[in-house]
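User: Please take a close look at a single part of this model and set it within the chain as a whole. A connected account would be preferred.

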Amino acid sequence: MPRGVAHLKDELDIVIPTIRNLDFLEMWRPFFQPYHLIIVQDGDPTKTIKVPEGFDYELYNRNDINRILGPKASCISFKDSACRCFGYMVSKKKYIFTIDDDCFVAKDPSGKPINALEQHIKNLLCPSTPFFFNTLYDPFADGADFVRGYPFSLREGVPTAVSHGLWLNIPDYDAPTQLVKPMERNTRFVDAVLTIPKGTLFPMCGMNLAFDRDLIGPAMYFGLMGDGQPIGRYDDMWAGWCIKVICDHLGLGVKTGLPYIFHSKASNPFVNLRKEYKGIFWQEEIIPFFQSVSLPKDCTTVQKCYVELSKMVKEKLTKVDPYFDKLADAMVTWIDAWDELNPTGASAANGEAK
């Protein structure tokens with residue numbers, strides 16, 4: 001088992017976006033209490049959010065975001081869970097775990113509560129294998145290994161930048177799928193973690209997600225969503241497409257699978273359809289764009305990659321909709337704000353290719 005799996009308490013922040021009291025933390029107390037929480041309050045900043053006693057936390061509302069970032073606060077979404085990425089920016093820890101406030105502790109098939117955070121840490125501390133698929137999934141998991149025929153030259157793997165967890169109960173479906181399958185629940189517990197191969201994109205869900213902030217943090221921007229924007233519910237998707245092409249370029253890994261959380265509440269499919277409507281059309285052009293992205297060799301840091309990607313977005317996607325011109329500018333503002341709050345990260349080679 002990797003070093004310090006159950007700990008890292010001084011190296012990891014838990015980021016939670018919310019508009020309500022955080023009673024859900026009570027059930028997570030056995031797993032979360034040793035860690036520092038960063039709570040990003042969305043919506044009305046005059047509302048008081050109650051946090052159960054005994055947790056170590058800092059809370060930021062819209063007034064705080066405006067005060068800290070000034071004019072650059074325009075890159076942080078309002079009235080959308082995309083605001084969570086502000087927490088990534090102000091954190092000073094190496095690792096981030098982010099979870100939604102309607103995500104409860106799941107149980108494995110034996111009935112044992114799942115410590116999602118512990119599994120994410122395991123995933124991040126073990127290498128990824130993006131260049132060659134292992135048919136026994138994660139070769140570093142207990143009871144698994146590299147199968148016959150797996151090249152020895154690739155068995156060392158690469159650093160893992162992102163751990164993407166899944167959900168029991170309410171699946172993460174888009175609005176059209178929600179509408180035709182309103183009663184569908186995910187009861188399948190698949191005991192597997194796998195590396196997403198190089199060159200393969202995936203739909204990243206932000207409600208049960210961990211990442212190495214030092215390796216990929218500046219690319220974890222959840223875009224411009226919500227209030228005043230023509231699209232919502234694509235914040236984590238956008239970040240997922242961006243981080244994947246950058247991880248592929250820098251030789252970093254992305255894992256998906258375990259851990260599971262219990263997603264307790266289905267959002268309104270009609271509200272979701274209004275938010276997603278444009279994205280459902282746009283993604284048919286956005287995804288081919290990301291599939292064709294080729295970053296220059298001199299992009300050796302996450303920041304350089306991300307700024308280069310923003311130029312490509314402006315050049316190629318603005319024809320889809322003027323929104324992407326605004327989004328490309330916000331991507332650059334995000335990097336400027338990140339470097340302002342993380343000056344050592346600006347000069348260090350974040351995620352430098354080996």
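Analyst: Helices here are DSSP runs of H or I with at least four residues, and strands are runs of E with at least two, both numbered from the N terminus. The model is predicted, so local features need pLDDT of at least 70 and side-chain atom pairs pLDDT 80 or more, while totals for chains, interfaces and linings use all residues. Residues are numbered from 1 along each chain as its sequence is written, and side-chain values use heavy atoms, leaving out hydrogens and water.

The part chosen is helix H7, which covers residues 235-250. Its 16 residues reach 23 Å from the first C-alpha to the last, close to the 22 Å expected at 1.5 Å a residue (1.5 Å times one less than the number of residues). H7 is mostly covered, with 15 of its 16 residues buried, that is, under 20% relative accessible area with a 1.4 Å probe, protein chains only. After H7 comes Gly251, which has a positive phi, near 75°.

H7 belongs to a protein chain with 11 helices and nine strands. The chain's radius of gyration is 19 Å, close to the 20 Å of the globule rule for 354 residues, so the chain is as compact as a globular protein of that length; the radius is taken over C-alpha atoms, and the rule is 2.2 Å times the number of residues to the power 0.38. Those C-alpha atoms fill a box of roughly 55 × 50 × 45 Å along the principal axes. Across the chain, 52% of the 354 residues are buried. Of the contacts (heavy atoms within 4.5 Å) with a separation of 6 or more, 75% join residues 24 or more positions apart.

Methods
Buried < 20%, exposed > 50% of the residue type's maximum accessible area, 1.4 Å probe, protein only.
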